[in-house]
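This report is written for a reader who has not met the structure before. Please look at the sequence and the model first, then read on.

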Amino acid sequence: MTHESTPFLARPGKVIAVHVNYPSRAAQRGRVPEQPSYFLKPGTSVSSSGTAIVRPKGTELLAFEGEIALIIGRRVRGIRPEDGWAAVSGVTAANDFGVYDLRSADKGSNLRSKGGDGFTPVGPNILPAHSLDPTALRVRTWVNGQLVQSDTTADLFFPFGQLVADLAQLITLEQGDVILTGTPAGASVVKPGDVVEVEVDAPDAIGAPTSGRLVTPVTEGTVEFGVWGARPQVDDHQRTEAWGSAAAAGLPAAPPTVSLTDDLKARINSVGTATLSAQLRKRGFNTMSIDGVRPTHPAQRMVGRARTLRFIPAREDLFQSHGAGYNAQKRAFDGLNPDDVLVIEARGETGTGTVGDILALRAQVRGAAGIVTDGGVRDLAAVEALDIPAYHAGAHPAVLGRRHVPWDVDLTIACGGASVQPGDIIVGDADGVLVIPPHLIEDLVTDAIEQEREETFIAEMVAAGEGVDGLYPMNAAWKDRYHSWQPKQ
């Protein structure tokens with residue numbers, strides 16, 4: 001079987017990239033895809049080995065992603081996954097570069113952030129697909145000679161044949177088109193002066209065929225972005241995404257989170273917020289309620305982990321740079337997961353809406369547990385008609401920009417007079433909303449359940465005609481009677 005390679009020379013008609021395909025990358029990002037999803041890169045983004053990539057002036061987060069590129073060998077439409085690999089003529093190395101500073105302008109398209117000239121180096125050589133096992137390939141990436149990515153295709157979420165067949169259900173793939181098949185863990189940020197190399201090989205095949213190293217030096221741009229389009233902007237969320245972790249980005253680590261199991265949620269839901277508040281007070285926590293908010297569903301309980309969104313006061317130039325496009329507000333709602341409660345810092349400003357029916361619906365579709373804002377809500381009747389519980393400071397018809405600029409997500413905020421950190425436990429009912437530090441929740445709920453059991457006994461005694469002196473709270477004699485009462489319940 002021959003493994004003779006040929007140089008990659010052509011400019012493809014289409015470059016289609018897969019978002020997440022390696023388990024190692026999914027573990028790093030904290031989300032597992034149910035089905036493959038894609039984005040397009042322009043043919044003009046393709047460059048060859050040795051060609052420098054220019055980090056645009058004024059940007060910070062140029063990130064590499066070493067990948068295996070599939071070269072489509074014939075026109076194909078409407079095939080089955082088992083026939084998809086046969087439509088591939090060759091494989092080679094690729095680097096899916098992106099500038100995270102421009103993601104806010106893309107609304108998920110990745111066009112500006114990943115479509116720049118030279119942002120898709122491919123090559124240097126193509127290995128013939130017919131001589132390769134698609135489940136036995138390896139991709140590796142080096143930065144300045146240090147190995148930073150290494151993974152194989154043995155356990156991809158979506159095998160190569162499935163990707164080809166999935167795309168070909170709606171899109172005619174033509175000879176020379178390129179499919180970028182995802183990147184493993186280890187993708188991160190590079191800076192001018194760095195050199196990135198990617199290699200694809202088949203280490204267990206006869207002769208260990210290789211694409212050769214795809215070499216990309218990084219240089220600094222000299223031309224500023226014009227004011228006629230969205231300009232670069234970054235926040236700590238984008239820094240974490242680009243670097244691969246908060247620690248790699250030099251940011252404080254996120255506080256530990258508690259697993260909200262069904263059992264724990266049931267125990268939390270078995271006691272009222274008033275009881276939980278009393279237990280917090282016993283522990284010296286006196287400012288844990290989010291004040292001034294009212295529920296859309298007073299009879300519905302809300303329990304979840306805090307995710308946070310912060311608005312700053314409106315300012316025209318800042319709204320122009322941070323309010324348009326895929327801004328922090330939209331990213332916050334798009335990033336919600338089951339058991340998340342989005343808590344919004346709006347400074348108690350009720351003179352505009354901070355959430356409306358579309359974003360509330362997005363939170364519901366994402367499986368979030370609730371929304372809390374100390375600001376206004378738009379489209380109140382429509383928000384009340386949704387299943388997701390929301391707590392707000394009042395209705396207002398105005399749009400966001402009248403009073404707020406969406407600024408950043410998943411950091412410590414203030415909401416309704418309470419400090420809220422990502423990962424805090426948020427509990428809401430008709431009495432209000434509480435913030436519970438996650439390290440307290442187990443003991444707090446255990447003691448709250450016992451408190452309510454005691455209060456049930458006290459209520460029975462009062463109903464039977466007993467006075468409250470010595471009973472509420474219980475003295476030693478009443479404690480003895482309580483302990484005798486318990487086994488009978």
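The sections below describe a helix, a strand with its partners, and a small sheet in what is a predicted model.

## Helix α11

Helix α11 is made up of residues 357-365, and its buried residues are Leu 359, Ala 360 and Ala 363. These three lie on the same side of α11, because the arc they cover around the axis is only 100°. Ile 358 and Val 365, on the other side of α11, are exposed. Buried here stands for under 20% relative accessible area, and exposed for over 50%.

What do the buried residues of α11 pack against? Their neighbours are two helices and a strand: α10 (328-334), α12 (380-385) and β21 (370-373). After α11 comes Gly 367, which has a positive phi, near 90°.

## Strand β27

Strand β27 covers residues 432-436. How many of its five residues are buried? Five of the five are, so β27 is largely enclosed by the rest of the structure.

The burial applies to both faces of the strand. Gly 432, Leu 434 and Ile 436 are buried on one side of β27, while Val 433 and Val 435 are buried on the other.

## Partners of β27

Strand β26, residues 425-429, is joined to β27 by five bridges, and the two strands run antiparallel. Within this pairing, Ile 426 of β26 is found opposite Val 435 of β27. The connection between β26 and β27 is a hairpin, with two residues linking the strands.

Strand β17, residues 289-290, is also antiparallel to β27, and two bridges join them. Here Ser 289 is opposite Leu 434. Leu 434 and Val 435, the residues named in these two pairings, belong to opposite sides of β27, and both are buried.

## A sheet of three strands

A further part of the model is an open sheet with three strands. Its order is β9-β6-β14, and the pairing is antiparallel. Which strands stand at the edges? They are β9 (98-99) and β14 (189-190). Each of these has a single partner strand, so one side of each has no neighbour in the sheet.

Strand β6, residues 62-63, runs antiparallel to β9, and two bridges join the two strands. Leu 62 has Val 99 in β9 as its bridge partner.

Technical notes: Residues are numbered from 1 along each chain as its sequence is written. This is a predicted model: local features need pLDDT of at least 70, side-chain atom pairs count only at pLDDT 80 or more; totals for chains, interfaces and linings use all residues. Side-chain values use heavy atoms; hydrogens and water are left out. Buried means under 20% relative accessible area, exposed over 50%, partly exposed in between (1.4 Å probe, protein chains only). Helices (H or I, at least four residues) and strands (E, at least two) are DSSP runs, numbered from the N terminus. The arc is that of the directions from the helix axis to the C-beta atoms. Contact means heavy atoms within 4.5 Å. Two strands pair if DSSP finds at least two bridges between them.
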